[in-house]
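Trainee: Before we go into details, could we look at the chain together and work through its elements and its charged pairs?

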Amino acid sequence: MYGPGSLPAQLHDQERSNFYAEPLSLQGAGQQNPPCVAILIQPQHQDLATGDSFLLFCSVKNFVKPEDLIFNWYRNNTFVESNSKFMRADVNPREHQGDYYCVIKSRIAGYSPVRSSTCVVNIAQISSANIERPQNFFATDKVALLIGNGDYRYHRRLPEALNDLEKLTDILQNELNFKTLSFANLSCPEMHKAFIWFSELASEGCYCVFYFGGHGFQKDGKTYLMPVDATESNYHKDCLEADWELENIQRRCSPSLTLALLDTCRRRQKMDYVLRRPDTSFLSNMVIAYATTESREAYEGTGSNYGIFVGALQNHLTKPVRVTHMLDYVQEDVKESGCQISEVRQTLTEYRCLTDEIKPGTHFDRNHFIWMFMHGKPSMPIKLQYPSKTDAMVRLTVDYILTNAVRLSLKVLNKGKCQQCRAGIDIRRLNKRAHVVCRDQHDIYPECVDIYHSQHVLMKDGRLPVPVVLVYVIPDVPPDDACGNHVHRYPLSLPFTHLWQEKRSLAEYSASFSFLIPFM
């Protein structure tokens with residue numbers, strides 16, 4: 001959508017140069033500039049259903065004859081039609097949904113082209129008789145579970161899965177106010193446990209969002225999500241049945257909206273020669289968006305840091321429109337990729353938006369405490385004091401990237417007796433199952449590292465060992481003592497790392513803790 005200072009590419013060079021220009025001045029004393037074309041009525045936003053007719057109208061006040069004006073209509077910054085202040089059509093979701101505006105020009109020299117405001121035409125896939133448009137819909141809470149599996153052991157790795165996961169987590173948590181549970185690279189038991197935590201945080205009347213990015217397939221009409229340890233046979237017992245898990249959330253928690261975003265392939269499993277109807281029911285208030293159509297593959301993006309599906313989602317998730325309307329935009333963007341077509345199934349009959357406000361329900365405070373507990377970190381900065389030989393002090397800072405991923409940063413606060421010193425994390429001493437990312441891949445002692453699937457790098461007591469190395473140079477001492485390094489394995493205690501070994505519910509376990517600092 002274009003704003004002041006930017007122009008549609010379809011305008012000619014001369015038109016572009018005069019698009020926001022002032023009218024030309026007339027020569028001679030006492031003469032006034034020609035009047036500007038002024039828009040009295042702007043095109044209006046419209047919510048329609050398939051088969052309806054829509055009319056866009058732009059009313060103009062001017063001092064020239066109507067036939068001297070040219071009305072150029074644009075949809076999604078692409079020229080549509082000209083020479084009419086009206087634009088009307090019978091609605092087709094694929095052809096007419098989008099952002100519209102009108103550029104008005106005069107055939108008389110001295111007038112500046114004027115652009116109207118942008119209006120949005122939303123088109124539902126159901127009859128207009130079933131569309132409710134009350135203004136008071138709200139959520140009692142908002143909870144999201146996101147899983148991004150990319151580091152597969154027996155299947156092709158998906159390098160963009162982590163970027164997709166972090167991007168959607170940021171949008172849902174920081175822009176749409178969801179309590180996010182975000183996990184990278186989970187095994188099958190870990191995926192089941194994540195859904196248990198998801199159901200514990202969900203409550204009646206809340207909005208639930210589930211996202212999965214990774215490998216998957218279909219069998220007997222059901223969608224299976226593959227954990228990172230899935231075998232090469234793709235046998236469904238090694239995987240998570242998405243339909244069953246989502247319906248379990250619906251039955252246990254009665255959310256007002258459940259949105260599932262499945263960024264996975266939907267090819268049939270080799271043993272599944274006949275596509276049968278699923279024996280599970282499709283409950284109310286549920287919307288499932290698939291990255292691709294039935295029996296097709298989903299692809300990662302080309303020339304982008306994100307996959308095709310997430311690339312489209314990030315552009316439209318925050319639109320204040322009905323969820324199904326928002327997904328129409330997503331489907332259009334995915335189709336333009338030329339690789340796949342997104343598919344949507346839904347039983348939503350109310351005008352629910354992801355941007356709806358939260359009016360806390362009965363369990364809001366309890367669930368908020370549990371979520372903050374899961375993302376708790378040390379309440380005070382961690383200061384490491386090294387032996388009297390160096391007398392240096394180092395600060396360790398902990399931040400969350402995902403629910404099972406932390407960012408560790410080091411800073412030397414006091415050099416002590418050292419002429420030079422620096423602190424870093426010895427990534428060679430971390431558990432090999434940890435996925436470690438650092439800015440400088442050639443630095444064996446980086447000052448900042450991101451540790452993913454932190455549940456795999458725990459000690460027996462449930463703590464995360466952080467090998468902190470101090471490299472130092474001390475003046476005025478024997479050469480053998482003048483330089484060296486000292487390693488300190490700091491046992492970092494994070495509430496989340498204990499949960500994988502915990503059999504109690506989140507509420508029972510978190511009740512024993514009275515303080516925490518959330519990541520925000």
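The questions below go from the chain as a whole to its sheet, its helices and its salt bridges.

Trainee: Since this is a predicted model, I would like to begin with the chain as a whole: what percentage of its residues is buried?

Mentor: The model is indeed a prediction, and its chain has 11 helices and 27 strands. The accessible surface comes to about 24,900 Å², with carbon and sulfur atoms accounting for 49% of that area. Of the 520 residues in the chain, the buried share is 52%.

Trainee: Taking contacts between residues at least 6 apart in sequence, what percentage joins residues at least 24 apart?

Mentor: The count leaves out pairs with a sequence separation below 6, and of the contacts that remain, the share joining residues at least 24 apart is 70%.
The chain that makes these contacts is assigned 11 helices and 27 strands, and the share asked for is 70%.

Trainee: Which strands stand at the edges of the six-stranded open sheet?

Mentor: The order of the sheet is β12-β11-β13-β17-β18-β19, with mixed pairing. Each edge strand has a single partner, so one of its sides is left without a neighbour in the sheet. Neighbouring strands are turned by 10° against each other on average, with direction ignored. The edge strands are β12 (179–184) and β19 (343–346).

Trainee: Within that sheet, which residue of β13 stands opposite Gly148?

Mentor: Strand β11 covers residues 142–148 and strand β13 residues 207–213, and the two pair in the parallel sense over seven bridges. Opposite Gly148, the residue in β13 is Gly213.

Trainee: At about what angle does helix α7 run to β17?

Mentor: Helix α7, made of residues 323–336, lies across three strands, namely β17 (257–263), β18 (286–290) and β19. β17 and β18 are neighbours in the order of the sheet, and β19 follows β18. The angle of α7 to β17 is about 15°.

Trainee: Helices α4 and α8 also meet; at roughly what angle do their axes cross?

Mentor: Two packed helices are described by the angle and the distance between their axes. Here, the axes of α4 (residues 188–201) and α8 (residues 364–374) come within 9 Å. Trp197, Glu200 and Leu201 of α4 make the contact with Arg366, Asn367, Ile370, Trp371 and Met374 of α8, which by class gives five nonpolar, one polar and two charged residues. The axes cross at roughly 145°.

Trainee: Turning to charged pairs, how far apart in sequence are the parts tied together by Glu241 and Lys222?

Mentor: Side chains of opposite charge can pair when their charged atoms come close. Glu241 and Lys222 form one of the nine salt bridges found in the whole structure, with 3.9 Å from N to O, and both residues are buried. Because Glu241 lies in strand β16 (residues 240–241) and Lys222 in strand β15 (residues 222–225), the pair ties together parts whose separation in sequence is 19 residues.

Trainee: In the salt bridge of Asp450 with Arg407, which residue counts as partly exposed?

Mentor: The side chains of Asp450 and Arg407 meet at 2.7 Å, N to O, and they link strand β25 (residues 448–452) with strand β22 (residues 405–414), 43 residues apart. Asp450 is buried at a relative accessible area of 10%, under the cut-off of 20%. At 32% relative accessibility, the partly exposed residue is Arg407.

Terms used: Residues are numbered from 1 along each chain as its sequence is written. This is a predicted model: local features need pLDDT of at least 70, side-chain atom pairs count only at pLDDT 80 or more; totals for chains, interfaces and linings use all residues. Side-chain values use heavy atoms; hydrogens and water are left out. Axes are lines fitted to C-alpha atoms, for helices over the stretch in contact, and angles run from 0 to 180 degrees between N-to-C directions. Helices (H or I, at least four residues) and strands (E, at least two) are DSSP runs, numbered from the N terminus. Contact means heavy atoms within 4.5 Å. Ala, Val, Leu, Ile, Met, Phe, Trp, Tyr, Cys and Pro count as nonpolar, Asp, Glu, Lys and Arg as charged, and the others, Gly among them, as polar. Two strands pair if DSSP finds at least two bridges between them. Buried means under 20% relative accessible area, exposed over 50%, partly exposed in between (1.4 Å probe, protein chains only). Accessible areas come from the Shrake-Rupley method with a 1.4 Å probe; for residues, only the protein chains shown count as cover. A salt bridge is a side-chain nitrogen of Lys or Arg within 4 Å of a carboxyl oxygen of Asp or Glu.
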